[in-house]
Amino acid sequence: MRSFKQFFYEQILGLFEGITIQHVGTIKAKVDTGNSAHNVLHAVNIKIDGKEVSFDTVNKKHLKLPICESIVIHIGSGNKEDRPVVKLDCSIGTKQFNSVPFSLADRSESDTPVLLGEEFIKMNGGVVNLNINNETQ
């Protein structure tokens, strides 16, 4: 039987987590409690064609997916960026999540190809311990 402490700590996310994303594979993600927008997946060569978007992402993957929505991100100094949003299934550890929204953006200047936002954190119980590092890469 698991103790309360073991059960409790299984629910905690670290600052960095390994996340497996449908069609992409397992990659490193940063858990960002200050991000109230959607999760972000690294994407370059983004091409929108009607209600679909094609893009290149990590692990040399090229994807073409339906756009579920578009969002406007304020990126400082009054600048805005329009981003397409796609839904992908993903998992962290043994937890599976379906139809999770990811906005697409070039994260090549970031430490991680994925940024997990506040809504996703809440899906995981809402507990983050910055001293835990569960990255896989």
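I began with E52 and looked up how far its side chain is open to solvent: in this predicted model, E52 has 34% relative accessibility and so counts as partly exposed, since that class lies between the limits of under 20% for buried and over 50% for exposed.

Next I looked for the partner of E52, and found that its side chain meets that of K64 in a salt bridge, with 3.6 Å from N to O. I noted that this pair links distant parts of the chain, K64 lying in strand β6 (residues 61–66) and E52 in strand β5 (residues 52–57), twelve residues apart.

I then followed β5 and β6 as a pair, and recorded that they run antiparallel and are joined by six bridges. Within this pairing I picked out F55, whose bridge partner in β6 is L63.

Which strands make up the open sheet, and in what order? I read three strands in the order β4-β5-β6, with antiparallel pairing. I marked β4 (44–49) and β6 as the edges, because each has a single partner strand, so that one side of each is left without a neighbour in the sheet. For the same sheet I noted that neighbouring strands are turned by 15° against each other on average, direction ignored.

I returned to the salt bridges, of which the structure holds two. Besides K64 and E52, I found E81 with R83, where the closest N and O atoms are 2.8 Å apart. Are these two residues buried or exposed? I entered E81 as partly exposed, with a relative accessible area of 27%, whereas R83 counts as buried because its relative accessibility is 12%, and the limit for that class is under 20%.

I turned to strand β8 (residues 80–92) and went through its pairings in turn. With strand β1 (residues 13–21), β8 runs antiparallel and shares two bridges; here I found T20 opposite S91. With strand β7 (residues 69–74), β8 is joined by six bridges, again antiparallel, and V72 stands opposite D82. With strand β9 (residues 95–105), I recorded seven bridges, also antiparallel, and saw L88 of β8 opposite V100 in β9.

Last, I looked up the turns of the two hairpins that involve β8. Between β7 and β8 there are five residues, and G76 takes a positive phi near 95° in this hairpin. Between β8 and β9 I noted two residues, with G93 in the turn having a positive phi of about 60°.

Definitions and conventions. Residues are numbered from 1 along each chain as its sequence is written. This is a predicted model: local features need pLDDT of at least 70, side-chain atom pairs count only at pLDDT 80 or more; totals for chains, interfaces and linings use all residues. Side-chain values use heavy atoms; hydrogens and water are left out. A salt bridge is a side-chain nitrogen of Lys or Arg within 4 Å of a carboxyl oxygen of Asp or Glu. Helices (H or I, at least four residues) and strands (E, at least two) are DSSP runs, numbered from the N terminus. Buried means under 20% relative accessible area, exposed over 50%, partly exposed in between (1.4 Å probe, protein chains only). Two strands pair if DSSP finds at least two bridges between them. Axes are lines fitted to C-alpha atoms, for helices over the stretch in contact, and angles run from 0 to 180 degrees between N-to-C directions.
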